[in-house]
Amino acid sequence: MVILTDGYENSSVHYSRAKIAKKIRKLEGGGQWKFIFLGADIDCYDTISDLNIKSFNTLEFSKSHFEEVNKILHKSIVEFSKDLI
């Protein structure tokens, strides 16, 4: 699961940070899920500490590099998908 954000709060009424963190812990604990957090112009490491996302699965970048990050992400997904077929 890749989470890509610019840091703007969406004010969900259905999920709190604690509820999301619990769900991430449960899914990763099953061994079939990995969570990656990509944040543009925000302090990712402060955010992931609340969500149970590992720091080595996190990338901070500038919005000015969004296109480059998106291309790298796309290429990674395509390569990963080849292994599933």
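Asp-41 counts as partly exposed because its relative accessibility is 48%, where partly exposed is the band between buried (under 20% relative accessible area) and exposed (over 50%), worked out with a 1.4 Å probe and protein chains only. Its backbone deserves a look too: phi of Asp-41 is near 60 degrees, a positive value in a residue other than glycine. Asp-41 sits in the loop between strand 2 (36–40) and helix 2 (44–49). Helices here are DSSP runs of H or I with at least four residues, strands are runs of E with at least two, and both are numbered from the N terminus.

A quick word on what you're looking at: this is a predicted model, in which local features need pLDDT of at least 70 and side-chain atom pairs count only at pLDDT 80 or more, while totals for chains, interfaces and linings use all residues. Residues are numbered from 1 along each chain as its sequence is written, and side-chain values use heavy atoms, with hydrogens and water left out.

Move along the chain to Asn-52, another non-glycine residue with a positive phi, this one near 65 degrees. You'll find Asn-52 in the loop between helix 2 and strand 3 (58–61). At 29% relative accessibility, Asn-52 is partly exposed.

Now zoom out. How many helices and strands does the chain have? There are three helices and three strands, and from the N terminus on they run β-α-β-α-β-α. The C-alpha trace spans about 35 × 35 × 25 Å along its principal axes. Of the 85 residues in the chain, 22% are buried.

The loop that holds Asn-52 also holds Lys-54, and that takes us to the charges. The structure has four salt bridges, a salt bridge being a side-chain nitrogen of Lys or Arg within 4 Å of a carboxyl oxygen of Asp or Glu. One of them joins Lys-54 to Glu-28, with the closest N and O atoms 2.7 Å apart. This pair links distant parts of the chain, since Lys-54 is in the loop between helix 2 and strand 3 while Glu-28 is in helix 1, 26 residues apart. How well covered are the two ends? Lys-54 is partly exposed, with a relative accessible area of 37%, whereas Glu-28 counts as buried at 13%.

Helix 3 (residues 66–84) has salt bridges of its own. Glu-67 pairs with Lys-71, the closest N and O atoms being 3.5 Å apart. These two are four residues apart in helix 3, so about one helical turn separates them. Glu-67 is exposed at 57% relative accessibility, and Lys-71 is exposed at 56%. Further along, Glu-79 forms a salt bridge with Lys-82, and here the closest N and O atoms are 3.2 Å apart. Glu-79 and Lys-82 are also separated by about one helical turn, because they are three residues apart in helix 3. Glu-79 is partly exposed, with a relative accessible area of 40%.

On to the rings. There are two aromatic pairs, counting rings of Phe, Tyr and Trp (its six-membered ring) whose centres lie within 6.5 Å, with planes under 30 degrees apart called stacked, over 60 edge-to-face and the rest tilted. Trp-33 and Phe-35 make a stacked pair, 5.9 Å centre to centre with 15 degrees between the planes. Trp-33 is partly exposed at 35% relative accessibility, but Phe-35 is buried at 5%. Phe-61 and Phe-66 form a tilted pair, 6.4 Å centre to centre with 35 degrees between the planes. Phe-61 is buried, with a relative accessible area of 9%, while Phe-66 is partly exposed at 35%.

Phe-66 leads us out to the surface. Together with Val-2, Leu-4 and Ile-36, Phe-66 makes a nonpolar surface patch of about 280 Å². Patches take residues with over 30% relative accessible area and no salt bridge, joining like charges within 9 Å and nonpolar side chains (Val, Leu, Ile, Met, Phe, Trp, Tyr) within 5 Å. The areas come from the Shrake-Rupley method with a 1.4 Å probe.

Finally, look at helix 1 (residues 17–29), where Lys-26 is found. Lys-26 belongs to a positive surface patch with Lys-22, Lys-23 and Arg-25. For charges, Lys and Arg count as positive and Asp and Glu as negative, leaving out His and the chain ends, and each is placed at NZ of Lys, CZ of Arg, CG of Asp or CD of Glu. Lys-26 itself is exposed, at 64% relative accessible area.
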